[in-house]
Amino acid sequence: MAVLLLGALMVLITLLDAFEVVLLPRPVRRRVRLNRYFFKFTWDIWSRCANLWPAGRRREDFLGVYGPLSMVMLFGLWAGSLVIGFGLVQWALHGLTSGHPATIDAVVGDIIVSGDAFFTLGYGDNVPGHWVARLVVILEAGTGFAFIALTIGYLPVLYQHFTRRDLQLIEFSARAGSPPTAAALLVWHVHGGPEELERWLRDWEIWASDLIESNAVYPMLAFYRSQHEGHSWLGSLAVLMDVCTLLIAGADDARRQQATATFTALRRVLDEASESLRVAPQQEVSARQLDLASLQLLTPMIRRILPGWHDDVIASDAIWQLRRTYEPRLEGLAAYLLLELPDWIDPEAPTERFGRDV
């Protein structure tokens, strides 16, 4: 009886996990989930292996394999768990219905029969004698057929979200550079004026809204690296939040509305990604400090876009307060996913370009 309950429990847990990942169109906040333990365990091993290489293209190529491969391994885990679970049920039923204790040697045969039914191979070499066991075989065959069909239908939806996320990053790199920086992004918008910048931030508010849904329903997308070298969804998000922080802190009320809306959506992306991956914020934020010298370099350029922008003590305090709301989570995700965060200003860029017309 204990084996029967164990097999039934394996089947139910696996089916529930697959249902929540593949079919349920909303985030699941329960901490105890099979796929959550799977991604935590496999990513810990994969990231430790990646750290054996120095930062560079070889490590990025290795990390880029994990996202697609993890989905294949997850589907294999589900299939194996269902086959073994149904096999244990068949083994237990064989002992209960025959009146004789089931031997240990018979469990291998019952698991093979289970795999035959799950993948609908139809060998028919071993047919259960009792009607209950036959009913379990029929149930498993239907489960296997539905599992394969849902798996085939799930991957195109997953890659559709991945394509939507990365498609806009190509346009972003053309304006913000590669690797992107807040300074390069502001340089691009010098001639366009505040109206063009607001329209552009509106487009990225929509991108962030779509990313909120993707991170909530498909948290494994966070492990998918961009297909273009130098691009990163988290790095792009960091630059956008940096620019919005500058505009909110120093612009007047009429010009900070769109920046505030975009900033709010982007910060929610961070919250959703951190929650779904169970990544804690960094306690000490030091990787991307914006010092006074950097702010003085950015000030003339921002004023060419927003003539009313000010860099007084109130604005500096506002920048510091806003950064406290997103930098800990940003650096926590970057450290966990092994993604590099961009600087505010490219240290190799000529500083004189920031203060003149470009």
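A residue counts as buried when its relative accessible area is under 20%, as exposed when that area is over 50%, and as partly exposed in between. Keep these words in mind for the views below, which show a predicted model.

**Figure 1. The whole chain is built from helices, with 11 of them and 0 strands.** Starting at the N terminus, the elements follow one another as α-α-α-α-α-α-α-α-α-α-α. The chain has 358 residues, and 47% of them count as buried. Its pLDDT averages 83, and 89% of the residues score at least 70. Among the elements, helix α2 (residues 34-50) has the highest mean pLDDT, 93, while helix α4 (residues 105-118) has the lowest, 78.

**Figure 2. Arg165 and Asp166 meet in a salt bridge.** This is one view of a kind of contact that the structure holds 11 times. The closest N and O atoms of Asp166 and Arg165 are 3.0 Å apart. Are these two charged residues buried or exposed? Arg165 has a relative accessibility of 4%, which is under the 20% limit, so Arg165 counts as buried. Asp166, at 2% relative accessibility, counts as buried because that value also falls under 20%.

**Figure 3. Helix α7 carries a salt bridge between Arg202 and Glu205.** Both residues belong to this helix and sit 3 residues apart, about one turn of the helix. The closest N and O atoms of the pair are 3.0 Å apart. Here the partners fall into two classes: Glu205 is buried, with a relative accessible area of 15%, whereas Arg202 is partly exposed, with 39%.

**Figure 4. Asp271 and Arg329 form a salt bridge that links distant parts of the chain.** Which helices does this pair connect? Asp271 lies in helix α9, and Arg329 lies in helix α11 (residues 313-337), 58 residues apart. Between Asp271 and Arg329, the closest N and O atoms are 3.1 Å apart. Asp271 counts as partly exposed at 34% relative accessibility, and Arg329 counts as partly exposed at 28%.

**Figure 5. Glu171, Arg175 and Glu196 are joined in a network of salt bridges.** Look for the three side chains together in this view: the network links Arg175 with the two glutamates, Glu171 and Glu196.

**Figure 6. Four nonpolar residues make a patch on the surface.** The members are Leu16, Phe19, Leu23 and Leu150, and together they have about 340 Å² of accessible area. Leu150 lies in helix α5 (residues 131-176). With 37% relative accessibility, Leu150 counts as partly exposed, because this value is between 20% and 50%.

**Figure 7. The largest pocket holds about 700 Å³ of space.** It is lined by 27 residues, and the closest to its centre are Glu60, His228, Glu229, Gly230 and His231. Two or more lining residues come from each of the elements α3 (57-98) and α8 (233-250). Which of the elements gives the largest share of this lining? That is α3, with 5 residues.

**Figure 8. The largest cavity has a volume of about 130 Å³.** Of its 18 lining residues, Val28, Arg33, Ala216, Val217 and Pro219 are the closest to the centre. The elements α1 (2-22), α2, α7 (193-217) and α9 (253-277) each give two or more residues to the lining. The largest share, 3 residues, comes from α9. A search of the whole structure finds 2 cavities of 30 Å³ or more.

**Figure 9. Arg278 and Leu338 each have a positive phi.** Such values catch the eye because most residues other than glycine have a negative phi. Phi of Arg278 is near 55 degrees, and this residue is found in the loop between α9 and α10 (292-305). With a relative accessible area of 27%, Arg278 is partly exposed. Leu338 has a phi of about 60 degrees and sits in the segment after α11. At 12% relative accessibility, Leu338 counts as buried, because that is under 20%.

Methods: Residues are numbered from 1 along each chain as its sequence is written. This is a predicted model: local features need pLDDT of at least 70, side-chain atom pairs count only at pLDDT 80 or more; totals for chains, interfaces and linings use all residues. Side-chain values use heavy atoms; hydrogens and water are left out. Patches are made of residues with over 30% relative accessible area and no salt bridge: like charges are joined within 9 Å, nonpolar side chains (Val, Leu, Ile, Met, Phe, Trp, Tyr) within 5 Å. Accessible areas come from the Shrake-Rupley method with a 1.4 Å probe; for residues, only the protein chains shown count as cover. Helices (H or I, at least four residues) and strands (E, at least two) are DSSP runs, numbered from the N terminus. Buried means under 20% relative accessible area, exposed over 50%, partly exposed in between (1.4 Å probe, protein chains only). pLDDT is the predictor's confidence in each residue, from 0 to 100. On a 1 Å grid over the protein atoms alone, a cavity is a set of points where a 1.4 Å probe fits but cannot get out, and a pocket is an open set with protein on both sides within 12 Å along at least five of seven lines; lining residues have an atom within 4 Å of a point. Grid points are joined across faces, edges and corners, and a volume is the space filled by probe spheres set on the points.
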